[in-house]
Amino acid sequence: MLRPAIVVGALGVVFGDIGTSPIYTIQTVFNPGDPHPVPISTDNVYGVVSLIFWSVMIIVTLTYVTLVMRADNHGEGGIMALITLLGRWGADAGPRRIVTALTALGLFGAALFFGDSMITPAISVLSAVEGIKVVAPQLSTWVVPITAVIIFALFAVQRNGTRG
């Protein structure tokens, strides 16, 4: 039986990146320091938010629901399941070059997965702490040190949270 906390935690891991990407998109699109900034107006805000919403909906629906969720290895999915399935499928696959190419793509995807999982917590905390600059611009020099302290504290207490 699945515990609700595990399900919510898994959703947070899967959709965490998808949730933070629109924040960066809006920040970049309307940044006055950008070489091609979009002027802030009601129509532009509605247009950009609409593009972000539909992009996320299409990506989540098409990529995750129709493609990734179907790549199944006894309930396990994603790039790691692909590598496992290739290992089993490799002997019967036919041309060795195809198996080698697919294995290389799987390893490349796994490397991207691990790199992303290492950098995402830091980027998420940094983006949250950057909100301080909006409220108190004089604290902008403290954004990185505050982020480092929060990340250090999170990893210091992480073993207590995952034990249960």
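## Exercises on a predicted model

Helix α4 bends by about 30° at I119, and a proline, P121, follows within four residues. The model is predicted, and the exercises below work through its helices, one aromatic pair and a surface patch.

**Exercise 1. State how far helix α4 reaches from its first C-alpha to its last, and set this against the expected span.**

Step 1. Helix α4 covers residues 96-129, which is 34 residues.
Step 2. At 1.5 Å a residue, 50 Å is expected.
Step 3. The reach from the first C-alpha to the last is 50 Å, close to the expected value.
Step 4. The bend of about 30° at I119 belongs to this helix.

**Exercise 2. Which residues of α4 are buried?**

Step 1. The cut-off for buried is under 20% relative accessible area.
Step 2. In α4, the buried residues are V99, G106, G109, A110, T120, V125, S127 and V129.
Step 3. For the chain as a whole, 14% of the 164 residues count as buried.

**Exercise 3. Find the helix that holds I146, decide whether I146 is buried, partly exposed or exposed, and give its distance from V129.**

Step 1. I146 sits in helix α6, residues 143-162.
Step 2. Its relative accessibility is 28%, so I146 counts as partly exposed.
Step 3. V129, one of the buried residues of α4, is 17 residues from I146 in sequence.
Step 4. In space, the two are 7.4 Å apart, C-alpha to C-alpha.

**Exercise 4. Classify the aromatic pair of the structure.**

Step 1. The structure holds one such pair, made by F53 and W54.
Step 2. A pair of aromatic rings is described by the distance of the centres and the angle of the planes.
Step 3. For F53 and W54, the centres are 5.0 Å apart and the planes stand at 80°.
Step 4. Planes over 60 degrees apart count as edge-to-face, so the pair of F53 and W54 is edge-to-face.

**Exercise 5. Describe the surroundings of F53: its helix, its exposure and the patch it helps to make.**

Step 1. F53 lies in helix α2, residues 42-67.
Step 2. With a relative accessible area of 44%, F53 is partly exposed.
Step 3. W54 has 51% relative accessibility and therefore counts as exposed.
Step 4. F53 and W54, together with M57, I58 and L62, make a nonpolar surface patch of about 520 Å².

**Exercise 6. How many helices and strands does the chain have, and in what order do the elements run?**

Step 1. The chain has six helices and two strands.
Step 2. From the N terminus on, the order is α-α-β-β-α-α-α-α.

Notes: Residues numbered from 1 in each chain as written. Predicted model: local features only at pLDDT ≥ 70, side-chain atom pairs only at ≥ 80, totals over all residues. Heavy atoms only, no water. Phe/Tyr/Trp six-rings, centres within 6.5 Å; stacked < 30°, edge-to-face > 60°. Buried < 20%, exposed > 50% of the residue type's maximum accessible area, 1.4 Å probe, protein only. Patch = residues over 30% accessible without salt bridge, like charges linked within 9 Å, V, L, I, M, F, W, Y side chains within 5 Å. Areas by Shrake-Rupley, 256 points an atom, 1.4 Å probe, with all protein chains shown as cover. Salt bridge = Lys/Arg side-chain N within 4 Å of Asp/Glu carboxyl O. Expected span 1.5 Å × (residues − 1). Bend = angle between axes of the 7 residues up to and from the residue.
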